[in-house]
Amino acid sequence: MTSSSSSSPSSSSSSLDDEMIKLTNCRLAIGDQLISGRDLWISSTTGRIIDQQHVFYSHSTRPSVTHDLGGCILVPGLIDVQLNGGYGFDFSVPSDDYREGFSMVNKQLVKTGVTSYLPTLTSQRPSVYQKALPHLAAQTTRNPSDGSESLGAHCEGPFLNPLKNGIHSREVLQRPTNGIIDLETCYGPSNLNPKTIKMITLAPEIDKTTTPRIIKELSSRGIVVSAGHSNATYDEMWSAVDSGITMVTHLFNAIARPHHRDPGIFGILGAQEGLLRPYYGIIADDIHVHPSFIRVAYNAHVDGTILVSDAMSMLGLPDGIYNWTNGEVIAKKGGRLTLRDTDTIAGSCVTLVECLNNFINWTGAPIASALRTVTETPAKMLGLEGVKGALKPGADADLVVLSEAINGGGKITLTVERVYKFGVEVFGKHKAKL
């Protein structure tokens, strides 16, 4: 690739003793704009973004250290709401060294720019959920050296439609005929809270009697309910939205295909008076969804778009043959994962920033607008607006520095140069502190 324009930050030191850090010579990603000529102040003591005018003018405080970012783009830390594992570790496989494996993923993942995420469990037997979920709960400590931060688990199943199971084993799928009791029995009663389980994907049509009540009950507990692996019709989906569903899991994958007389779940992207359209996740890995459908979805519902990686444990591993949780065998070739000897897609093995680069080039969206799909929008969906996904005073100082390169054909590539977690630089282009 030949670059007609690029930028990269100069090296600079930081330490846990730095109290106030000024980030300068950068473009701030705020809303739909990249704003030049403004600095951002952060505290490595509180781990939050500082109101620099209040500190400077009221207290005449000077920064402890200044980081020159070399004209790069400064953005909130990326948020991935669907990640199944990585670097050889699968969240859905309990083991004696589970905590160590989870910690390893966090320390590797943060280097890709993902500073917080939902570790995702696929459809499993109850014993798996009850062993794994306590480890995946939202973190209560604010230690930058821990790396990427769990915001609570995403349980993708097992209350899915067996006709749209994808690579989920049909043997473990359940129909919640007894209502919320079945979910408590499956996940464990003490785990059915938003600190442990932040989001649940289910098929809203699998039990028309109990599912609406389940959705309402989960929503009342603060758990996000997402429709996925579903054959729901357009009308069934709107009914589910009316019950409290606010999200769609990997739009276009493992759902009924849109038809001109019944658009199914896809039809919710169209405006509907009196109902709020849900957010939707979409995998822009150049395998799961054709670029044209990415464009159609984004243009239909800009403010609802959330890019997800859906990455599996093979993320970061070389090509080869790998065992999966339910006895299946997965073949990895480049960025493509399939069940061995089939064309069935078996998740993804790309990073979220790779999906972001694809999205920018496919949709033509301005960089700042595209960045919202991995920062501001997922934060809003999770109820964390102003805490995550924003460059606002009081927000967590989870930050990513991105360089921008444009080749001769106009293709844009963003590259992660630095990452800050709770105000401390934990990754740099030429050094890693984890």
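Which residue in S7 is the bridge partner of Ile21? Val65 is the one to look for. Keep in mind while reading that this is a predicted model. My notes follow.

1. **Overall build.** The protein chain carries ten helices and 27 strands. Its radius of gyration is 21 Å, which agrees with the value near 22 Å that a compact globule of 434 residues would have. Laid along its principal axes, the C-alpha trace covers about 65 × 50 × 45 Å. As for burial, 57% of the 434 residues fall in the buried class.

2. **Contacts, surface and charge.** If you look at contacts in the protein chain with a separation of 6 or more, 70% of them come from residues 24 or more positions apart. The accessible surface is about 17,600 Å², and carbon and sulfur atoms supply 48% of that. There are 38 positive and 42 negative charges in the chain, and the mean positions of the two sets lie 1 Å apart.

3. **The S6-S5-S2-S7 sheet.** Four strands make up this open sheet, in just that order and with mixed pairing. S6 (49-50) and S7 (65-68) are the edge strands; each has a single partner strand, so one side of each has no neighbour in the sheet. The parallel part is between S2 (residues 20-24) and S7, with four bridges, and the Ile21 and Val65 pair from my opening question belongs here.

4. **Working outward from S5.** S2 and S5 run antiparallel and are joined by four bridges, with Leu23 opposite Leu40 of S5. S5 is also antiparallel to S6, this time over two bridges, and there Trp41 faces Ile50. The hairpin of S5 and S6 has five residues between its strands, among them Gly47 with a positive phi near 75°. Is S5 covered on one face or both? Both: Leu40 and Ile42 are buried on one side, and Trp41 and Ser43 are buried on the other.

5. **S14 and its two parallel partners.** S14 (residues 153-156) is likewise covered on both faces, with Ala153 and Cys155 buried on one side and His154 and Glu156 buried on the other. Strand S12 (residues 114-121) pairs with S14 in the parallel sense through two bridges, and His154 is the bridge partner of Thr120. S15 (residues 197-202) also runs parallel to S14, joined by four bridges; Ala153 sits opposite Ile197 in that pairing.

6. **Helix H6.** Which residues of H6 (residues 234-243) are buried? They are Met237, Trp238, Ala240, Val241 and Ser243. An α-helix has 3.6 residues a turn, so residues three or four places apart point the same way. The buried residues of H6 pack against helix H5 (211-220) and against strands S16 (224-227) and S17 (247-248). Just past the helix, Gly244 has a positive phi of about 135°.

7. **Ala132.** This residue belongs to helix H3 (residues 126-136). Ala132 is buried, at 0% relative accessible area. Setting aside residues up to four places away in sequence, Ala132 touches Phe91, Tyr98 and Leu121. From Ala132 to Gly244 it is 112 residues along the sequence and 27 Å between C-alpha atoms.

8. **Lys421.** Worth a look for anyone checking charged side chains: Lys421 is in strand S25 (residues 412-421). Is Lys421 buried or exposed? Its relative accessibility is 0%, so Lys421 counts as buried. Beyond its neighbours within four places in sequence, Lys421 contacts Thr115, Pro144, Gly147, Glu149, Lys388, Ala397, Asp398 and Val426. That list includes Glu149 and Asp398, so don't skip them when you inspect the site.

9. **Ile206.** You'll find Ile206 in the loop between S15 and H5. Despite the loop setting, Ile206 counts as buried, at 14% relative accessibility, since the cut-off is under 20%. Leaving out residues up to four places away in sequence, Ile206 touches Phe159, Leu160, Asn161, Gln174, Arg175, Pro176 and Thr211. Ile206 and Asn357 are 151 residues apart along the chain, and 36 Å separates their C-alpha atoms.

Key
Residues numbered from 1 in each chain as written. Predicted model: local features only at pLDDT ≥ 70, side-chain atom pairs only at ≥ 80, totals over all residues. Heavy atoms only, no water. Pairing = 2+ DSSP bridges. Rg over C-alpha atoms; globule rule 2.2 N^0.38 Å. Buried < 20%, exposed > 50% of the residue type's maximum accessible area, 1.4 Å probe, protein only. Contact = heavy atoms within 4.5 Å. Areas by Shrake-Rupley, 256 points an atom, 1.4 Å probe, with all protein chains shown as cover. Lys, Arg positive; Asp, Glu negative; His and termini not counted. Charge placed at Lys NZ, Arg CZ, Asp CG, Glu CD.
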